[in-house]
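User: I should like to learn how the features of a protein model are read, one at a time. Please take me through the one shown here.

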Amino acid sequence: METFKKLFEHNRKWAAEMLSLDPDFFKRTEASQEPHFLFIGCSDSRVPTDRMTGALPGEMFVHRNIGNQCWSTDVNMLSVLTYAVNVLDVPHVIVCGHSNCGALKAAMGPASNGLVDHWLSDIRNTIRWHQDELEAIADPKERLAKLSRLNVLQQVGILSRTPVIRDAWSRGRRPMLHGWVYDIATGLIEGVVEQVDSVKKADELLPNN
Ligand SMILES: [Zn+2]
């Protein structure tokens, strides 16, 4: 069977299984969504957003890009964030990096990836800001793991300074910001930064680069 046809086959089985467990599930979710989470993750195919968290349809609003970046000039990301915070009123925003990330590997190497190098420029800034700390780690795998955490911290820091988040906090509203790294080798999530829900906490926990 051709690979893409398997997707349809799986889809029909999945929909039937969901109906057998809860006959009204799809009717209910069709009416509206009230997600608890905005998940901002890497596009990497090895990061199974729903499966690794057990999130059901309707529970997680998702934005993904190469290297889980949260540029304060990215209209796509900002639109997702604004809708999630101001309309869906999500209680939690999660930035999730992962182990062995190709984007981080590419950013650590010489620039020769064409257009993608523009996208990697903020990761290269993070590498520059933490150059001594990273170069002190001899094991390349450990160094990459450290960069995954630093990148997540950096992106949560950027989110914490966006007008949409600052406005929500100033009105005493959610969301709470979190930073995770998913380990592809174990399937486990590590919390890098958790429960940032005020300017004070953001200033204490997050980089101000
Ligand atoms: Zn990645």
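The dialogue below goes from the overall division of the chain to single residues.

User: What kind of model is this, and into which domains is the chain divided?

Analyst: The model is predicted. Its chain is divided into domain 1, residues 1-31, and domain 2, residues 33-205. The C-alpha centres of domain 1 and domain 2 are 30 Å apart.

User: In which order do the strands of the sheet stand?

Analyst: One reads a sheet by following the strand pairings. Here five strands form an open sheet, and the order is β2-β1-β3-β4-β5, with mixed pairing. The edges are taken by β2 and β5 (188-196), each of which has a single partner strand, so one side of each is left without a neighbour in the sheet. On average, and with direction ignored, neighbouring strands of this sheet are turned by 20° against each other.

User: How many bridges join β1 to β2, and how many join β1 to β3?

Analyst: Strand β1 and strand β2 (residues 60-65) pair in the parallel sense over six bridges. In this pairing, Phe37 stands opposite Met60 of β2. With strand β3 (residues 92-98), β1 again pairs in the parallel sense, over five bridges. Two residue pairs help to locate the register: Leu38 is opposite Val93 of β3, and Gly41 has Cys96 of β3 as its bridge partner.

User: Which residue of β4 is the bridge partner of Val93?

Analyst: The partner of Val93 in β4 is Leu177. Val93 thus links two pairings, since it also stands opposite Leu38. The strands β3 and β4 pair in the parallel sense over seven bridges.

User: Are the residues of β1 buried or exposed?

Analyst: Burial is read from the number of neighbouring C-beta atoms; a residue counts as buried if 20 or more others lie within 10 Å of its own. In strand β1 (residues 37-42), six of the six residues are buried, so the strand is largely enclosed by the rest of the structure. Strand β3 is mostly covered, with six of its seven residues buried.

User: Which strands does helix α4 lie across?

Analyst: For a helix on a sheet, one asks which strands are involved and what angle the directions make. Helix α4 (residues 75-87) lies across β1, β2 and β3, and runs at about 170° to β2. Helix α9 (residues 140-160) also packs on the sheet, where it touches β3, β4 (176-183) and β5; the directions of α9 and β4 make an angle of about 160°.

User: At what angle do the axes of α4 and α10 cross?

Analyst: The axes of α4 and helix α10 (residues 163-170) cross at roughly 15° and come within 9 Å. Angles under 35 degrees count as roughly parallel, and α4 and α10 are therefore roughly parallel to each other. The crossing of α4 past α10 is left-handed. On the α4 side, the contact is made by Leu81, Thr82, Val85 and Asn86, and on the α10 side by Val164, Ile165 and Ala168.

User: Which residues does Leu120 touch, leaving aside those up to four places away in sequence?

Analyst: Leu120 touches Gly67, Ala103, Ala106 and Ala107 on that basis. To read such contacts, one sets the separation in sequence beside the distance in space. Leu120 and Gly67 are 53 residues apart in sequence, with 7.9 Å between their C-alpha atoms. Leu120 lies in the loop between α6 (116-119) and α7 (121-129). Leu120 is buried, because 21 other C-beta atoms lie within 10 Å.

User: Where does the backbone have a cis peptide bond, and which residue of β5 has a positive phi?

Analyst: Most residues other than glycine have a negative phi, and most peptide bonds are trans. The bond from Arg174 to Pro175 is cis, with omega near 25°; Pro175 is in the loop between α10 and β4. In strand β5, the residue is Gln195, whose phi is near 60°. Gln195 is exposed, as 12 other C-beta atoms lie within 10 Å. Asp89 also has a positive phi, near 55°. Asp89 lies in the loop between α4 and β3 and counts as partly exposed, with 14 C-beta neighbours inside 10 Å.

Technical notes. Residues are numbered from 1 along each chain as its sequence is written. This is a predicted model: local features need pLDDT of at least 70, side-chain atom pairs count only at pLDDT 80 or more; totals for chains, interfaces and linings use all residues. Helices (H or I, at least four residues) and strands (E, at least two) are DSSP runs, numbered from the N terminus. Two strands pair if DSSP finds at least two bridges between them. Domain bounds come from an automatic or database domain assignment. Axes are lines fitted to C-alpha atoms, for helices over the stretch in contact, and angles run from 0 to 180 degrees between N-to-C directions. Two residues are in contact if their C-beta atoms, placed from the backbone, lie within 7 Å. Angles under 35 degrees count as roughly parallel, over 145 as roughly antiparallel, 65 to 115 as roughly perpendicular and the rest as oblique. A crossing is left-handed if the near helix is turned anticlockwise from the far one by less than a right angle, and right-handed if clockwise.
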